[in-house]
Amino acid sequence: MSNFLHARHASLEAYVPGEQPTDQKYIKLNTNESPYPPLPEVVEAAAGAAALCHLYSDPEGKALRAKLAARYGVEPAQTILGNGSDEILSFAFQAFGGPDVPVAFPDISYGFYPVYADLYGIPKKIVPLREDFTVSADDYIGLGCGMIVIANPNAPTGLAIGLDDVARICAGNPDSVVLIDEAYVDFGARSAVTLLADHPNLLVVQTFSKSRSLAGGRLGYGIASAEIIADLNRMKYSINPYNINRMTLAAGEATLDHDEVCAARCAEIAATRAYTAVELRKLGFTLTDSLTNFLFARPADGDAAGMYAELRKRGILVRHFSGERVREYLRITVGTREQMDALLSAVREIQG
Ligand SMILES: *Cc1c(COP(=O)(O)O)cnc(C)c1O
């Protein structure tokens, strides 16, 4: 820390991304990326756009937003693009929280929520998950917050709530924005986009990072009422109007042109997830019923930290969180069948 950092940031704990080590080749099952690279058509589109990089990108991202709007059955004015969905989350915290207006989210969820709240000086209303790691809609009624944020499915638990519960939370907090973070929705849960017509306070956030093989492209989007999107744009145009670069805009469009390939890959990952869960249970693991591209798994002896270290030695990276309620669990990204077989062999070897 320099002497120049403002005192309000002195105790800020920044988000810690999953490690990306380069000391050896790892099977990377720690950051929930897709094991499948972008399609050649997507790479080609991005390369073509690179040739025009002397010109600014379209700040409105019109062509891509038109495709997204068509894909989700909404108006283009109901969409906004972000440099990763992290940026949409950042805009939302800035827009709808404040020093006197708290934001609510579960105790166990995406690690970025408390970071944004702290960065922007927003009080946190932490709502504990139930003992079985589920979100109970009853715990989110009448919270009196500026915004309620729920990842659905949740991370790192992998568990989803139904749309009836999302609707109940929206109706139970008419004066709050309800942000549903659907980073993992394409792997088996249902999107709340269909609730938008009935719930003007709903903001759905999705990303190209997990289900559309574009984590390194940095592309996310929000879908909500035109009014909520206008609020988010007020943030965007006050920070970085050209937030999406030309290559990423082109890659996003080409990806949506082949959305059936992404859907097939998601189905493949869901099948591999089911297979891996069965095998891990045979090895004594306890698992939640994940609807995502990762598994939340507790080794029989609860020594997840030890298992993490042993797997790392064998060239397999998974994610371990040290939080009190989750430290006996590993979050394991579902990769290809071959990658999961390598994981399972390593676990068998570690267990002796
Ligand atoms: C990965 C993730 C995001 C952010 O992803 P981007 O790469 O910024 O789009 C948001 N929310 C959750 C719950 C995630 O796991």
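1. Quick reminder before the charged pairs: a salt bridge here is a side-chain nitrogen of Lys or Arg within 4 Å of a carboxyl oxygen of Asp or Glu. On that basis, a search of the whole structure turns up 20 salt bridges. Keep in mind that this is a predicted model, so the distances below are computed from predicted coordinates.

2. Let's start with the pair R218 and D86. Their closest N and O atoms are 3.7 Å apart, which makes a salt bridge under the 4 Å cut-off. R218 sits in the loop between β7 and β8 (220-224), while D86 belongs to helix α3 (residues 85-96), so this bridge ties together parts of the chain that are 132 residues apart in sequence. The two ends are not equally covered: R218 is partly exposed, at 30% relative accessible area, whereas D86 comes out as buried, at 17%.

3. Both of those residues turn up again around the ligand. Which residues surround the ligand? The set is G84, S85, D86, Y110, D181, A183, Y184, T207, S209, K210 and R218. So if you are looking at the R218 to D86 bridge, you are also looking at the ligand's surroundings, because D86 and R218 are both in that set and R218 is in the loop that follows β7, with D86 in α3.

4. Now the polar contacts of the ligand. One of its oxygen atoms is 2.5 Å from an N or O atom in the side chain of T207. For the side chain of S209, an oxygen atom of the ligand is 2.6 Å from an N or O atom. D86 takes part through its backbone: a polar backbone atom there is 3.0 Å from a ligand oxygen. As for cover, the ligand has 380 Å² of accessible area on its own, and the protein covers 92% of it.

5. Two further salt bridges are worth a look. In one, the side chains of E328 and R298 meet at 2.8 Å, N to O. This pair links distant parts of the chain, with E328 in the loop between β12 (319-320) and β13 and R298 in strand β10 (residues 294-298), 30 residues apart. E328 is partly exposed, with 35% relative accessible area.

6. The other pair is R314 and E349, again 2.8 Å from N to O. R314 is in the loop between α9 (304-313) and β11 (316-317), and E349 is in helix α10 (residues 337-351), so parts that are 35 residues apart in sequence are tied together. R314 counts as partly exposed at 32% relative accessibility, and E349 as exposed at 53%. This pair does not stand by itself: E310, K313, R314 and E349 are linked in a network of salt bridges.

7. R331 is the one I'd stop at. Which side chain of opposite charge is nearest to R331, and how far away is it? That would be E33, at 8.5 Å, and R331 is buried with no salt bridge. The residue lies in strand β13 (residues 330-333). What its side chain does reach is the backbone oxygen of N30, at 2.7 Å. Leaving aside neighbours within four places in sequence, the contacts of R331 include L29, N30, T31 and N32, along with P156, F294, L295, V318, R319 and F321.

8. Next, I180, in strand β6 (residues 177-181). At 1% relative accessibility, I180 counts as buried. Its C-alpha atom is 6.0 Å from that of V149, though the two are 31 residues apart along the chain. Beyond residues up to four places away in sequence, I180 touches I150, N152, V166, L202, L203, V204 and V205.

9. N152, one of those partners of I180, is in the loop between β5 (147-151) and α5 (163-171). Is N152 buried or exposed? Buried, with a relative accessible area of 1%. Its side chain reaches the backbone nitrogen of I161 at 2.7 Å. With neighbours within four places left aside, N152 is in contact with L159, A160, I161, V166, I180, D181, E182 and V185; D181 is also one of the residues around the ligand.

10. Last, helix α5. Its buried residues are L163, D165, V166, A167, I169 and C170. Among what covers them are β5, β6 and β7 (202-207). V166 links back to the two points above, as a contact of I180 and of N152.

How values were computed
Residues are numbered from 1 along each chain as its sequence is written. This is a predicted model: local features need pLDDT of at least 70, side-chain atom pairs count only at pLDDT 80 or more; totals for chains, interfaces and linings use all residues. Side-chain values use heavy atoms; hydrogens and water are left out. Helices (H or I, at least four residues) and strands (E, at least two) are DSSP runs, numbered from the N terminus. Buried means under 20% relative accessible area, exposed over 50%, partly exposed in between (1.4 Å probe, protein chains only). Lys and Arg count as positive and Asp and Glu as negative; His and the chain ends are not counted. A polar contact is a pair of N or O atoms within 3.5 Å; within protein, one must be able to donate a hydrogen and the other to accept it, and residues adjacent in sequence count only if both atoms are side-chain atoms. Contact means heavy atoms within 4.5 Å. A residue is near a molecule or strand if one of its heavy atoms lies within 4 Å of it. Accessible areas come from the Shrake-Rupley method with a 1.4 Å probe; for residues, only the protein chains shown count as cover.
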